[in-house]
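Trainee: I am new to this structure and would like a close look at a single part of it. Please choose one spot, and tell me what surrounds it and how it fits into the rest.

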Amino acid sequence: MPIPIEILPSFLFYCYISAITPGPANICSLSTSLQEGKKAAFQQWIGIFTGFFIVSIISVFVSYFLGTALNDKVQYLSFVGAAYLIYLAIHILVGHNNKSEQKNDEEKSPSINSSEKSFFQHFLTGVLVQLTNVKIMLMCLTAITSFVLPYNRTFLPILAVGLFLPFTGPVANLVWLFAGLSLKRLFSNHKKTVNIVMSLSLILCAVSLVISFFK
């Protein structure tokens with residue numbers, strides 16, 4: 001077993017808390033489900049799961065070959081993640097103002113590949129959110145270096161945990177996605193306010209990623 005049975009509850013609790021708390025992916029899922037509905041939110045979620053899987057597997061190899069040596073270096077990626085979150089915040093805040101005009105243009109000039117392009121855009125957003133999400137990088141590295149490496153340094157147990165982790169964050173992310181779908185009607189008459197709140201939330205996430213460098 002990759003993790004001793006006596007610390008398994010602590011490991012699972014750590015995964016749950018790390019996954020369910022507000023973060024870039026959770027806020028993006030909530031925002032997309034509120035603004036664009038179920039189809040777009042699930043397309044983005046596929047990207048979120050894929051991005052988490054990529055980060056988790058990279059964490060497996062980093063942890064196996066380098067142990068804890070690179071843990072501190074991961075922090076410097078915070079600036080990349082923060083920049084992308086601010087971009088998403090601006091997109092949410094101003095991008096949907098032209099939504100009706102874009103819809104009219106699409107109706108006048110229908111594109112055969114419009115649905116494919118839409119899927120790719122949502123999927124890519126989900127992937128990029130995770131690849132620049134320092135929260136899950138630290139989550140995966142911490143899970144492996146704190147709960148596995150002290151007890152087992154062979155590759156297969158580390159890989160087993162790495163394959164398990166993508167089923168924690170993205171699954172918890174569905175809670176935020178369904179919350180957005182449930183609240184869609186409630187917020188349908190307050191789109192501008194919701195956009196502002198979502199944008200500010202992403203900006204706060206961006207600030208939280210880099211604030212430790214200025215303390």
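Mentor: Of the contacts in the chain with a separation of 6 or more, 90% are accounted for by residues 24 or more positions apart, and it helps to keep that in mind while we look at one place in what is a predicted model. The chain has 215 residues, of which 42% count as buried, and its secondary structure comes to eleven helices and zero strands.

The spot I would choose is Ser 56, which is found in helix H3, a helix that covers residues 38-66. Ser 56 has 0% relative accessibility, and because anything under 20% is taken as buried, this serine counts as buried. If we leave aside its neighbours within four places in sequence, Ser 56 is in contact with Cys 140, Gly 162, Leu 165 and Pro 166. Along the chain, Ser 56 and Met 137 are 81 residues apart, yet their C-alpha atoms are separated by 7.5 Å. A polar atom of the serine side chain, moreover, lies 2.5 Å from the backbone oxygen of Gly 162.

To see where these partners come from, consider first helix H8, residues 155-164, which packs with H3 at an angle of about 160°, the two axes being 9 Å apart. That angle is over 145°, which makes H3 roughly antiparallel to H8, and the crossing of the two helices is right-handed. On the H3 side, the residues that meet H8 are Phe 53, Ser 56, Ile 57, Val 60, Phe 61 and Tyr 64, while H8 brings Phe 155, Ile 158, Leu 159, Gly 162 and Leu 163. By class, the residues of this contact divide into nine nonpolar, two polar and no charged, and both Ser 56 and Gly 162 take part in it.

The second helix to consider is H7, residues 134-147, whose axis also lies 9 Å from that of H3, with the two packed at an angle of about 40°. H3 and H7 are therefore oblique to each other, and H3 passes H7 in a right-handed crossing. From H3 this contact draws on Phe 52, Val 55, Ser 56, Ser 59, Val 60, Val 62 and Ser 63, and from H7 on Ile 136, Met 137, Met 139, Cys 140, Leu 141, Ile 144 and Thr 145. Its residues divide into ten nonpolar, four polar and no charged. Ser 56 thus belongs to the contact of H3 with H8 and also to the contact of H3 with H7.

H7, for its part, has a further neighbour: helix H1, residues 8-20, packs with H7 at an angle of about 175°, with their axes 11 Å apart. That makes H1 roughly antiparallel to H7. Here Ser 10, Phe 11, Tyr 14, Cys 15, Ser 18 and Ala 19 in H1 meet Lys 135, Leu 138, Met 139, Thr 142, Ala 143 and Phe 147 in H7, and by class the contact has eight nonpolar, three polar and one charged residues. Met 139 takes part in the contact of H7 with H1 and is also listed in the contact of H3 with H7.

So, to come back to the spot you asked for, Ser 56 is a buried residue of H3, with Cys 140 and Gly 162 among its contacts.

Notes. Residues are numbered from 1 along each chain as its sequence is written. This is a predicted model: local features need pLDDT of at least 70, side-chain atom pairs count only at pLDDT 80 or more; totals for chains, interfaces and linings use all residues. Side-chain values use heavy atoms; hydrogens and water are left out. Axes are lines fitted to C-alpha atoms, for helices over the stretch in contact, and angles run from 0 to 180 degrees between N-to-C directions. Helices (H or I, at least four residues) and strands (E, at least two) are DSSP runs, numbered from the N terminus. Angles under 35 degrees count as roughly parallel, over 145 as roughly antiparallel, 65 to 115 as roughly perpendicular and the rest as oblique. A crossing is left-handed if the near helix is turned anticlockwise from the far one by less than a right angle, and right-handed if clockwise. Contact means heavy atoms within 4.5 Å. Ala, Val, Leu, Ile, Met, Phe, Trp, Tyr, Cys and Pro count as nonpolar, Asp, Glu, Lys and Arg as charged, and the others, Gly among them, as polar. Buried means under 20% relative accessible area, exposed over 50%, partly exposed in between (1.4 Å probe, protein chains only). A polar contact is a pair of N or O atoms within 3.5 Å; within protein, one must be able to donate a hydrogen and the other to accept it, and residues adjacent in sequence count only if both atoms are side-chain atoms.
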